[in-house]
Amino acid sequence: MVGGREKPKIPSKRRKLHKVGDESKDDRISLLPNCVLVEILSRLPSTKEAIRTGTLSKRWKHLWTSVDTLIFKYGENDLSASDFISFVEKTLTQCRQSKLKKFEVETRYDIQFASQVNRWIRYAISCNVQELKLELCKMIYESGFLLGQLFFTGSCFTDLRLEGCMFNPTGAISWKNLRSLSISYGKLDDDLIENILSGSPVLETLVLEYCEGYTRLNITSKSVKNLVFSGYFDPFIAPNACGIQINAPHILSLTIKCCLFLWKPLLLNVSSLVKASLYYTLFDHYDTTLEEAEEEMLKGLMLNLCHVKELNFGDVCSKTLARLKDKGFIIPSNLNCR
C-alpha cells in the first residue's frame, strides 16, 4: 500500500517458454486424436521416419508402433547390410498392431539372411498383410531368396510385388484375394505360371519384368484385365529361337516395354484388347540388322492389334513406324495411334 492506495501491478516482461514437443494451443497437430496421427505416420515414406517422430514428445514416443504400414529401405539407413537386418528385427519386436495394410522391404540380399527374411514374411502373414513388397536385390547369377510354401498359401495378400525371389512351391498356390501381382528378375516356367494363375482366381493385373525361363503366357482367366510384359532376357537362348506366345482372350490392356532379348512375341488371342502400349527396345540380333528386326516385329504386332481402340508408341517404336511408312506400310484405318 502506498498512501492508502494499492500498489499497481507491473506486468512481467517474462514470457513463458515452451519446451520443444510440449502441446500448446498453437500445436494443432498434437490436438488431433491418436487415430488421425497414426494415419499421418502411415503415409510417411518409411518406418524410419515414423520412428523419428517419437522424439517430439512423450505422447508421440510410441505412436509409430501402432502404424499399419511398415516400410524398410536399406539405402536410407546408412547401415551395413547386417545392421539393417538387425534394425528391421528390432523394429518388429516393438510393433503392436495385429493387422497390417502394407509391408515393404527394399534391401541387398545375401543367403545368410534367409532365416530373417522368412521370419519377416511369417510376421506379415500373421498380421494378415494385404500389400507385400519384397525387393531383394542380388548380384547377377547369384541365387535369390527361396520363397517357402507358407508364402504360397497367403490368402490375405491383395497386392504382391516380388523382386529377386525364387519360386519352387511344393504344393498348390492359393492366393484367393490377390488382385495385383508383379514379379521382377525371377525364373519361371510355363507350368509354374499356369499354377500361379489357377491359384489366383480374382487376379486383375499381372506384371512380369525381366523374368526368364518361360515361353508361353496362357491367360484364360476372365478376371485378368491388365498384362505388362516388361523386358525379357535369357542369356542361354539365342534370340531368333525365342518367341513368347501370349494367349490372353480377356485382357483389356497390354503393355510391352523395356529391352527384349527375343525374336518376337506371338499374340495368339487378344481379342478383347482395348488399349495397347508398345514402349520396348530390342537387343542386337545375330542373323539380321537391328532395324530389320525392329520393323519385322512392329509390323507383326500391329497386324495383331488392328482391332484395339488405342495404340501408344514409345520413341523407338515411333521411329520404326516412320521407317515402315516410308517403305509403304499402311496403318489399318481403324487404329487410333498415339
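Helices and strands here are DSSP runs, helices of at least four residues and strands of at least two, numbered from the N terminus. With that in hand, the chain of this predicted model comes to 7 helices and 15 strands.

**Whole chain.** Start with everything selected. The chain has 338 residues, of which 44% are buried. About 18500 Å² is exposed, and carbon and sulfur atoms supply 52% of that area. Among contacts with a separation of 6 or more, 56% join residues 24 or more positions apart.

**The sheet of 10 strands.** Next, select the strands in the order 1-2-3-5-7-8-10-12-14-15; these 10 strands form an open sheet with parallel pairing. Strand 1 (69-73) and strand 15 stand at the edges; each has a single partner strand, so one side of each is left without a neighbour in the sheet. From one strand to the next, the twist averages 5°. As a reminder when displaying bonds, strands of a sheet pair through backbone hydrogen bonds, either parallel or antiparallel.

**Strands 10 and 12.** Within this sheet, select residues 226-232 for strand 10 and residues 253-260 for strand 12. The two pair in the parallel sense over 6 bridges. Label Tyr 232 and look across to strand 12, where its bridge partner is Leu 260.

**The edge at strand 15.** Now move to residues 275-282, strand 14, which pairs with strand 15 in the parallel sense over 4 bridges. Ser 277 stands opposite Asn 312 in strand 15. Keep Asn 312 selected and add the rest of strand 15, residues 310-313. Which residues point the same way as Asn 312? Glu 310 does, while Leu 311 and Phe 313 point the other way. Are these residues of strand 15 buried or exposed? All of them are buried, although strand 15 is an edge strand with a single partner.

**The sheet of 3 strands.** Finally, hide the strands shown so far and select strands 9, 11 and 13. They form an open sheet in the order 9-11-13, again with parallel pairing. The edges are strand 9 (216-218) and strand 13 (266-269); each has a single partner strand, so one side of each lacks a neighbour in the sheet. Neighbouring strands of this sheet are turned by 15° against each other on average, direction ignored. To see one pairing in detail, select strand 9 together with strand 11, residues 245-247; the two pair in the parallel sense over 3 bridges. Label Asn 218 and Asn 247, which stand opposite each other, with Asn 247 in strand 11.

How values were computed:
Residues are numbered from 1 along each chain as its sequence is written. This is a predicted model: local features need pLDDT of at least 70, side-chain atom pairs count only at pLDDT 80 or more; totals for chains, interfaces and linings use all residues. Side-chain values use heavy atoms; hydrogens and water are left out. Buried means under 20% relative accessible area, exposed over 50%, partly exposed in between (1.4 Å probe, protein chains only). Two strands pair if DSSP finds at least two bridges between them. Axes are lines fitted to C-alpha atoms, for helices over the stretch in contact, and angles run from 0 to 180 degrees between N-to-C directions. Contact means heavy atoms within 4.5 Å. Accessible areas come from the Shrake-Rupley method with a 1.4 Å probe; for residues, only the protein chains shown count as cover.
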